[in-house]
Amino acid sequence: MSKLDTVLDDLAAESLQLDGWVAGLTPDHWGTVTTPEGWTVAHQVAHLHWTDVTSTYAINDKSAFDALIVAALEDPEGYIDQATDELAQEPPESLLPAWRQGRSDLVEALQSVPDGNKIPWFGPPMSPVSMATARLMETWAHGHDVAEALGIAVPRTDRAKHVCHIGVRTFAFTHQMRGEEPPAVEPRVELTAPSGELWTWGPEDSEERVTGDGWDFALLATRRRHRSDVDVTATGPAADHWLDIVQAFAGLPGNDPRPLAER
């Protein structure tokens, strides 16, 4: 099995898990608020659907994708929220099947990309594996928002490794999004998976280190948890600061998560 197929399998599992949580909801429950900013369950699914469709455009429809880039540049802080809000107004009986079809279309599009080709995006171009991993990260994160709002316990799976991987790989990007010069160091990251496996990134001899629970690091990197609420520890000033600002997603960091005790 190729690396792309492995990531797509995990993306499918993560998507089906969220699909199962929302498929039987009443229209009123689709209106359940999931974030302090007021996003509902419908907004979460709409956002995932919009990004899937946009990703497919990036692969198959250059003119449509270029038009989205222009619109985003005209309103960089509000464009995605506006697009999400418009889709969230669709009734669940339309939005849910549209999301399912969009997921299927994206898988087909990703599998069609010739070896070695990159896909244009709002940031640097991405390989199909990177784009699939990014889609999994977003599905994982937004799935958490939905599950917590609905009182569902999220199963701890090793699919979180993909989220951790992006969180580590965006070390320099995270600083740049804050207007900071990235440190000239590469931290060593050692995280324990839900299965007990050890996940590692970075040079073994680095004096800057991050250790702890992999699931918790994924929550921290997607900014779903405050640092005080995760079992993740830093050694060294650069690693310590990184845990304050880490983000696994593109774009602005948004509001800092509040400690659970203050919610």
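Which residues does His47 touch, not counting residues up to four places away in sequence? In this predicted model, the contacts of His47 are Trp39, Ile80, Thr84, Glu138 and His142. His47 is found in helix H3, a helix that spans residues 41–60. Its relative accessible area is 7%, and because buried means under 20%, His47 is classed as buried.

One of these partners, His142, has its place in helix H7, which covers residues 128–150. His142 counts as buried too, at 8% relative accessibility. When residues up to four places away in sequence are left aside, His142 touches Trp39, Gln44, His47, Leu48 and Arg224. Trp39 is thus listed among the contacts of His47 and among those of His142. The contact with Arg224 joins distant parts of the sequence: His142 and Arg224 are 82 residues apart in sequence, while their C-alpha atoms are 9.3 Å apart in space.

Another partner of His47, Thr84, belongs to helix H5, residues 79–88. The buried residues of helix H5 are Tyr79, Ala83, Thr84 and Ala88. Viewed down the axis of H5, these buried residues fall within an arc of 165 degrees, so they line one face of the helix. As a general property, an α-helix has 3.6 residues a turn, so residues three or four places apart point the same way. The buried residues of H5 pack against helix H3 and against helix H4, the latter comprising residues 62–74.

Aromatic side chains were examined next. Under the criterion applied, the count of aromatic pairs comes to 8. Trp121 and Phe122 form one such pair, with an edge-to-face arrangement, 5.0 Å centre to centre and 80 degrees between the planes. The two residues fall into separate accessibility classes: Trp121 is buried, with a relative accessible area of 18%, whereas Phe122 counts as partly exposed at 35% relative accessibility. The class boundary explains this assignment, because buried means under 20% and partly exposed lies between that value and 50%. Trp121 and Phe122 also take part in one aromatic cluster together with Trp50, Phe65 and Tyr79. Tyr79 is one of the buried residues of helix H5. A further arrangement involves a charge and a ring: the charged end of Arg103 sits over the ring of Trp99, 4.2 Å from the centre of that ring.

The model also contains an open sheet of 4 strands, arranged in the order E2-E1-E3-E4 with mixed pairing. Strand E2 (198–201) and strand E4 (232–235) are the edge strands, each pairing on one side only. On average, neighbouring strands of this sheet are turned by 10 degrees against each other, direction ignored.

Strand E1, residues 188–192, runs antiparallel to E2 and is joined to it by 4 bridges. Within this pairing, Trp201 in E2 is the bridge partner of Val189, and Glu190 stands opposite Thr200. E1 and E2 form a hairpin with 5 residues between them, and Gly196 in the turn has a positive phi of about 100 degrees. E1 and E3, by contrast, run parallel and are joined by 5 bridges. Here Glu190 stands opposite Thr211 in E3, and Thr192 stands opposite Asp213. Glu190 therefore has a residue opposite it in E2 and another in E3, given the bridges by which strands are paired. The pairing of E3 with E4 is antiparallel over 4 bridges, and Thr235 in E4 is the bridge partner of Arg209.

Two helices lie across this sheet. Helix H10, residues 214–221, lies across E1, E2, strand E3 (209–213) and E4, running at about 115 degrees to E3. Helix H11, residues 237–245, lies across E1, E3 and E4, and runs at about 145 degrees to E4.

A third histidine is described here, His175, which lies in helix H9, residues 171–177. At 1% relative accessibility, His175 counts as buried. Leaving aside residues up to four places away in sequence, the contacts of His175 are Glu180, Glu181, Pro182, Pro183, His241, Trp242 and Ile245.

Terms used
Residues numbered from 1 in each chain as written. Predicted model: local features only at pLDDT ≥ 70, side-chain atom pairs only at ≥ 80, totals over all residues. Heavy atoms only, no water. Pairing = 2+ DSSP bridges. Axes fitted to C-alpha atoms, helices over the stretch in contact; angles between N-to-C directions. Contact = heavy atoms within 4.5 Å. Phe/Tyr/Trp six-rings, centres within 6.5 Å; stacked < 30°, edge-to-face > 60°. Buried < 20%, exposed > 50% of the residue type's maximum accessible area, 1.4 Å probe, protein only. Lys NZ or Arg CZ within 6 Å of the ring centre and 35° of its normal. Arc of directions from axis to C-beta.
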